[in-house]
Amino acid sequence: MRKNLGSYFFPMALRRHKGNDENNKENLDDFHEHPQQNFSWKFLLNIFKFKPKLFECLGQGYSPQQLGKDISAGITVGVLALPLAMAFAIASGATPSAGIWTAIIAGLCISLFGGSRVQIGGPTGAFIPIVYGIVAVYGYGNLLGATLLSGIILLLMGICRFGQLIRFIPIAVVLGFTNGIAVVIFLAQIKDFLGLNIENLPAEFFAKLKTIAENIHTLDIPTLILATISLLFLIIYPLLAKRFHKLNIIPAPLFILILATIATFALELPVATIGTRFGGIPQSLPEIGLPNLSISDFGQMISPAITIALLGAIESLLSARVADNQIDDQHDPNQELMGQGIANIVAPFFGGFAATGAIARTTTNVRAGGRTPISGVVHSVVLLLIVLLLAPLASFVPLATLSAIVMMTSINMGVWHEMSLQKLWRFPLAYRIILLATFLVTILFDLTIAVELGMVLACFFFIYRLSKLTRISDVSAKSSSKENVKIWEVYGVLFFGASGKIEDLLGNNFANLPDVLILNLERLVQIDTSGLDGLVHLNQKFINHGKHLLLCNLHQQPRAFLRRAGFISQVGAANVCLDLNKALERADIILESKK
């Protein structure tokens with residue numbers, strides 16, 4: 001491990017690629033001939049494997065035909081991203097403009113520096129509960145700090161090649177917190193959907209329900225009617241689009257947003273709008289600067305930042321994998337994490353908050369013909385032009401419609417069929433416990449605690465299953481006729497969860513120990529320090545009683561591990577045999593010497 005980590009950070013490691021990669025050879029020669037230029041951009045890019053997908057796509061040849069498709073797809077996704085960015089920002093406790101600038105800046109960085117051809121980044125529904133909780137407790141300024149810190153974490157994860165490790169999170173945990181987040185998002189929209197007069201809705205589940213119940217009498221009928229019509233439209237529109245293909249030209253969220261905005265303006269509907277609550281969207285570039293944070297505030301943001309980074313990594317890599325299947329490509333998970341990290345580092349300087357890869361927008365990009373990161377760049381440019389040219393029109397956008405859009409997003413993001421009783425019953429009890437525990441804790445308490453609990457439960461059940469697979473059985477009757485020679489066969493993995501099986505088989509009746517015990521390790525796959533400790537105690541008991549322990553059929557990992565630990569020297573090299581026949585011959589020699 002030390003050698004591998006060093007290869008990422010030390011120049012001499014570039015020799016590993018000598019003869020295979022001309023670029024690396026060129027950089028290595030440059031390192032020796034021009035030491036004053038050691039830290040050139042080209043050299044650093046090579047050390048950290050910084051190879052954005054954009055460079056690869058443009059280097060392979062970029063045709064005018066593909067440029068046209070990417071521009072068309074970018075315009076489509078940019079138009080779709082507008083209502084989603086505003087809706088997600090408002091649901092997160094931020095301003096609509098913050099959501100738009102997050103989509104512009106973070107989306108641009110993800111397309112420029114990410115590891116996927118078609119990934120579209122920006123604010124997503126999955127972040128709503130996390131971001132809302134941070135804003136409610138610490139304020140928006142601290143959210144920017146948490147976003148910046150999460151970007152640093154994501155960048156380091158990519159540099160350290162942690163992209164593949166995200167796949168170690170069990171699918172039950174992923175489904176549990178995904179569905180849990182969907183429920184949390186849906187509940188958070190009840191306030192604007194019903195038009196309740198609640199100034200600050202608590203982030204905690206029980207406090208949220210209590211606040212909604214106490215203020216249900218403030219329900220606003222016009223808001224409820226508009227929100228219900230908007231939600232029904234979003235449900236029905238995809239069904240109509242399947243029958244009338246021309247409807248696919250305009251995304252459903254944008255369509256209902258335009259209709260509802262026109263209705264609110266023309267009919268002067270008495271409902272809350274972006275203008276009445278936020279004063280509209282500034283028709284100018286945001287002020288660029290560092291988030292206003294103190295050292296003490298920054299320390300408090302470590303835990304939320306880790307949550308943002310973990311969720312951002314999971315969602316972005318999941319989105320990239322979905323896109324791979326759609327375009328028959330292979331994304332670079334480590335480069336994708338670096339791209340996400342850069343996006344979350346840069347966005348707070350423009351007032352933006354946490355962003356990641358968006359599955360819905362990425363899928364729309366693919367369906368619209370986007371095949372390179374240029375479409376993502378165009379998507380950001382389209383949003384920028386909308387802000388600079390059409391921002392005043394956003395003042396009439398009704399919050400009821402935006403809440404309906406977020407509700408529909410939460411319904412679509414949940415994998416509900418995986419939690420049906422019929423589906424759950426097909427899987428083992430451990431899977432059901434992990435999924436439901438993660439789901440409930442996400443809703444009732446916190447996403448971070450839910451993921452931690454899910455991982456602990458997954459590890460516990462894995463250790464339990466692995467310990468059940470490990471068996472130590474007495475096979476003396478099959479292989480030896482000598483009463484004073486016993487043969488034990490070890491099967492599986494001798495680790496801390498199964499090391500006690502040695503003592504269980506031996507028991508406490510030391511007077512009946514055989515003169516020679518042969519451990520046949522032909523089916524032992526691996527051993528750890530706890531398994532070693534069990535063997536050491538077993539050998540010591542035999543030595544204390546004048547008995548002998550033999551080993552045979554060691555595979556590479558157990559043999560190398562036992563040699564490094566000094567156990568083979570303790571047992572004696574002569575007592576470590578090639579196979580069972582050799583071990584039986586060695587047992588005969590030992591027994592003869594005792595006569």
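How are helix 22 and helix 23 oriented to each other, roughly parallel or roughly antiparallel? Keep that in mind while setting up the view. The model on screen is predicted.

**Stop 1: the whole chain**

Show the whole protein as a cartoon. The secondary structure consists of 29 helices and 7 strands. The protein has 595 residues, and 50% of them are buried. Of the contacts between residues at least 6 apart in sequence, 80% link residues at least 24 apart.

**Stop 2: helix 22 and helix 23**

Select residues 429-444 for helix 22 and residues 447-469 for helix 23. Their axes come within 8 Å and cross at roughly 170°. Angles over 145 degrees count as roughly antiparallel, so helix 22 and helix 23 are roughly antiparallel to each other. That settles the opening question. Their crossing is right-handed.

Now show side chains. On the helix 22 side, the residues that meet helix 23 include A430, I433, A437 and V441. On the helix 23 side, the residues that meet helix 22 include L447, A450, L453, G454 and R465.

**Stop 3: helix 8 and helix 16**

Move to residues 140-159, which form helix 8, and residues 302-327, which form helix 16. The two axes come within 8 Å and cross at roughly 50°. At that angle helix 8 is oblique to helix 16. This crossing is right-handed. In helix 8, select A146, L149, S150, I153, L154 and M157; they meet I302, P304, A305, I306, I308, A309 and A313 in helix 16.

**Stop 4: the cores**

Select I100, F177, I274, L311, L402 and I405. These have the most contacts inside the largest nonpolar core, which has 103 residues. Helix 5, residues 64-91, supplies the largest share of this core, with 11 residues.

Zoom in on L402. Setting aside neighbours within four places in sequence, L402 is in contact with P83, A87, I90, L257, I274 and V397. Apart from the largest core lies another one, of 24 residues, among them L513, L521, L524 and I568.

**Stop 5: G99**

Select G99, which sits in helix 6, residues 96-113. Is G99 buried or exposed? Buried means under 20% relative accessible area, so G99, at 0%, counts as buried. Leaving out residues up to four places away in sequence, G99 touches A85, A89, P123 and F353. Then add G351: G99 and G351 are 252 residues apart in sequence, but their C-alpha atoms are 8.9 Å apart in space.

**Stop 6: R277**

Select R277 in helix 14, residues 274-278. R277 counts as partly exposed, because its relative accessibility is 38%. Beyond its neighbours within four places in sequence, R277 is in contact with K191, D192 and L399. Add S395 to the selection as well. R277 and S395 are 118 residues apart along the chain, and their C-alpha atoms are separated by 9.2 Å.

**Stop 7: cysteines**

How many disulfides does a search of the whole structure find? The result is 0 disulfides. A disulfide is a covalent bond between the sulfur atoms of two cysteines. Select C57 and C459 to finish. C57 is buried, with a relative accessible area of 4%. C459 is partly exposed, with a relative accessible area of 42%.

Technical notes:
Residues are numbered from 1 along each chain as its sequence is written. This is a predicted model: local features need pLDDT of at least 70, side-chain atom pairs count only at pLDDT 80 or more; totals for chains, interfaces and linings use all residues. Side-chain values use heavy atoms; hydrogens and water are left out. A nonpolar core is a set of buried Ala, Val, Leu, Ile, Met, Phe, Trp, Tyr and Cys residues joined through side-chain atoms within 4.5 Å. Buried means under 20% relative accessible area, exposed over 50%, partly exposed in between (1.4 Å probe, protein chains only). Helices (H or I, at least four residues) and strands (E, at least two) are DSSP runs, numbered from the N terminus. Contact means heavy atoms within 4.5 Å. A disulfide is a pair of cysteine sulfur atoms within 2.5 Å. Axes are lines fitted to C-alpha atoms, for helices over the stretch in contact, and angles run from 0 to 180 degrees between N-to-C directions. Angles under 35 degrees count as roughly parallel, over 145 as roughly antiparallel, 65 to 115 as roughly perpendicular and the rest as oblique. A crossing is left-handed if the near helix is turned anticlockwise from the far one by less than a right angle, and right-handed if clockwise.
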